[in-house]
2 protein chains.
Amino acid sequence: MIALKYKEMLSAKSVIREMSQYATERGKEIGYENVFDYSLGNPSVPAPQEFADTMIHMLQNEDPMKLHGYSPTMTIPSVRQKVADSLKERFKIPYKMEHIFMVSGAAAAIAHAARAVSVPGENIITFAPFFPEYRPYIESTGAELRIVPADTESFQINFEAFESMIDDRTAAILINTPNNPSGIVYSAETLQKLGDILRKKQEELGTDIFIISDEPYREIVFDGVEAPCVSKFYDNTLVCYSFSKSISVPGERIGYIAINPACKEAETIINMCGQISRGIGHNCPSSIIQLAVAEVLELTSDLNVYETNMNLIYNELMDLGFTCVRPGGTFYIFPKALEEDAVAFCKKAMKYDLILVPSDSFGVKGYFRMAYCIDTEKVKRSLVALRKFVETEYPNR
Amino acid sequence: MIALKYKEMLSAKSVIREMSQYATERGKEIGYENVFDYSLGNPSVPAPQEFADTMIHMLQNEDPMKLHGYSPTMTIPSVRQKVADSLKERFKIPYKMEHIFMVSGAAAAIAHAARAVSVPGENIITFAPFFPEYRPYIESTGAELRIVPADTESFQINFEAFESMIDDRTAAILINTPNNPSGIVYSAETLQKLGDILRKKQEELGTDIFIISDEPYREIVFDGVEAPCVSKFYDNTLVCYSFSKSISVPGERIGYIAINPACKEAETIINMCGQISRGIGHNCPSSIIQLAVAEVLELTSDLNVYETNMNLIYNELMDLGFTCVRPGGTFYIFPKALEEDAVAFCKKAMKYDLILVPSDSFGVKGYFRMAYCIDTEKVKRSLVALRKFVETEYPNR
């Protein structure tokens, strides 16, 4: 029988993708340079040259049988070892290769992590605002996704609501810091309190609760902001990392799970990931891509443009009277819309060729997201449009 | 809760992997060139040079933002178009890009296809002998895997047993021709009869039954053998293709689903695959690998060595009095063991440094598989060991 649930998903299309498609269509009419497309979180700076260089070197010098050969079930040992060494050096946590499992990007990381630490019927809790794909990622495992309402003052954690949502069926907490869509970085205080609550709940309930820490924006943190290492605050932590944003290779689908060596059954959980792959069609990331990222672990793209863009946009938003928490990282900003209905707000903005994403699909009403991974020159031109939009449509604020 | 089912899978290791690990260990003792390792189906001929050349060219000349950028949910349109054009030309079936979905190898192809055309509680039927990974591939979808006992005379289809196993919960038939492990190619007669039965059953039961045709060995067909195109015999056919064997890039995880344009809701099913990806962490194969294979669609590695090896082994097996159906393709051969217990037989062979895989995990008892994707020179040396093994251990056959 054709699986109706997937058929139905086709009609419930992603708002972000729809906005992006509109932007593309509009670009054909007026020139893409005139569409201020803040819809997609697609890196706007190239991969470090070393990434291409290392691939070319391998293609020219390595035995193709080895280079393109099967990756072992647990992914390539030398790659796992290099990732472990790099993380150990940087975070002073005793990672070994047995704590690392290479995956095809963040989606695959979460697909494995969630299946490893939860069983169908349990629940996984996340915090609004959240990346909308968390819903299919988690619900497809058979777990229930519970959403803690946002703390819209700070976009840190609404602890009061959170604590009351944990029960004996809570398998994991899925967090994302630096955060998409808010751009906020969880403070050490937030992470300490989160860890304290989970430790207390584990003891009270007699269960294991894991943190699944989705960290694709770990390298994009702005001046003066400290991004604390989540694993330092809680033993049962699985880090889901992707190189998509740090080295601008989102299409190459490469990342890893790094489990805290102090996590309960850490090595077993990583070994289980190899078994999970068998059922979901994963079977390791591309061999050459695994080998290539292992050579550029200490590099990033030139990520400064994101901070430049953020400052320009944030300052203009402030000047225009928006309410907005200043991002600490990522390439997102999440201001309050100028009317209650964020969808109506974003629709009006489209008249000015500003493509903004309403916050509804992120689990909060009344906000909008701007993904400012675009050229700074375009950001500057867009601010003129933004001012015109606000002054024309909301003259009496 | 740590998912026990995956933890338990860790102790039920693959026999093939175990044999292969033994071969590696033994190789350390006596030199790998002295271990006649027929355990793993890992291609033994390099990728065509054009594959590396096209990647190097792209890495040197393409904008890295485009080259490594996000692939659209439905995978890269130009790649889908080229695959459709190539298949249309070759098989005279009116494929369009809307019938193609690029995937991370055969495992991902089956993961998507099975989820698209079945719902949990239905059953999917396959034929012994079968690739053991079909079990986790199918069972993880929530469908039941039903195994039709082998026709050990020909390793074509045991139709009598098959027909009685189809019921109103049968969603799909999973076939693999050329076949791993038997090396047999399904004849036009077999495929015609299979199609006829399914058409009849669809009408009787008022259901849709799909064929999922796993075809990673499509290009490895021996002289004088015709490998009929499965889709020509049955409309509701989803071809699962992988480039792993044809161009020897198993580690790069690249393949596609090609749905017969005549299939019920063909384009919808392909679109559904993009939705299925969201839940299983797939999110497209590597962009550069998609783009690279699209440039070498008409090429294969030099596959002749497999036929050379097959002939050497088959002739020796015949000479030694084995019962064996002559393979029509692949790089596998599946002779009858010289005692009922194939595991005992293969264990004895290990004393002669012959690494053979007992048939039990392929769903048949009393046979063994040899994966002859190894150097011909080594095959020749192995035959001396094979003769010694047989003459010493089974002197009174």
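Start with helix H14 of chain B in this predicted model, and look at the side where B:Glu377, B:Val384, B:Glu391 and B:Thr392 are exposed. On the other side of H14(B) are its buried residues: B:Val379, B:Ser382, B:Leu386, B:Phe389 and B:Val390. Look down the axis of H14(B) and these buried residues fall within an arc of 85°, so they line one face of the helix. What do the buried residues of H14(B) pack against? Their partners are strand E1 (36–37), helix H12 (304–319), helix H13 (342–350) and strand E10 (354–355), again in chain B. You can also check the length of this helix for yourself. H14(B) runs over residues 376–393, and at 1.5 Å a residue its 18 residues should span 26 Å; the end C-alpha atoms are 25 Å apart, so the two values agree.

Now step back to see how the two chains sit together. Turn chain B by 180°, with 0.0 Å of shift along the axis, and it superposes on chain A with an RMSD of 0.0 Å. The two copies are thus related as by a two-fold rotation axis. As for where they touch, 63 residues of chain B and 63 residues of chain A take part in the contact. On the chain B side, the elements that each supply at least two residues are helices H1 (4–11), H3 (49–61), H4 (64–67), H6 (105–117), H10 (266–280) and H11 (287–293). Sort that side of chain B by class and you get 33 nonpolar, 21 polar and 9 charged residues. Because 100% of the interface residues of chain B are also interface residues in chain A, the copies meet through the same surface.

One spot to visit is B:Gly251, in the loop between strand E7 (237–242) and strand E8 (255–259) of chain B. Is B:Gly251 buried or exposed? With 27 other C-beta atoms within 10 Å, against a cut-off of 20 or more, B:Gly251 counts as buried. Across the chain boundary, B:Gly251 touches A:His68, A:Gly69, A:Tyr70, A:Ser71, A:Ser286 and A:Ser287. Within chain B, the C-alpha atoms of B:Gly251 and B:Asn42 are separated by 9.8 Å, though these residues are 209 residues apart along the chain.

Over in chain A, you can follow how a single chain divides. Its domain assignment gives domain 1 (4–47 + 301–393) and domain 2 (49–294). The centres of these domains of chain A, taken over C-alpha atoms, are 26 Å apart. Their contact takes 27 residues from domain 1 and 32 residues from domain 2. On the domain 1 side, helix H12 (304–319) and strand E9 (332–333) of chain A give two or more residues, and H12(A) has the largest share, 3 residues. That side of domain 1 divides into 15 nonpolar, 10 polar and 2 charged residues.

Finally, some backbone details. Most residues other than glycine have a negative phi, and most peptide bonds are trans. A:Thr75 has a positive phi of about 75° although it is not a glycine; find it in the loop between helix H4 (64–67) and helix H5 (77–91) of chain A. B:Thr75 also has a positive phi of about 75°, and B:Thr75 counts as buried with 25 C-beta neighbours inside 10 Å. In chain B, the peptide bond from B:Thr177 to B:Pro178 is cis, with omega near -10°. Another cis peptide bond joins B:Asn180 and B:Pro181, where omega is about 20°. B:Pro178 lies in the loop between strand E5 (170–176) and helix H9 (188–205) of chain B, and B:Pro181 is also found in the loop between E5 and H9.

Methods. Residues numbered from 1 in each chain as written. Chains lettered and ligands numbered in written order. Predicted model: local features only at pLDDT ≥ 70, side-chain atom pairs only at ≥ 80, totals over all residues. Least-squares fit on C-alpha atoms with pLDDT ≥ 70 in both. Contact = placed C-beta atoms within 7 Å. Domains from an automatic or database assignment. Helix = DSSP H or I, 4+ residues; strand = E, 2+ residues; numbered from the N terminus. Nonpolar A, V, L, I, M, F, W, Y, C, P; charged D, E, K, R; others polar. Expected span 1.5 Å × (residues − 1). Buried ≥ 20, exposed ≤ 12 C-beta atoms within 10 Å, placed from the backbone. Arc of directions from axis to C-beta. Lists of a residue's contacts leave out its neighbours within four places in sequence.
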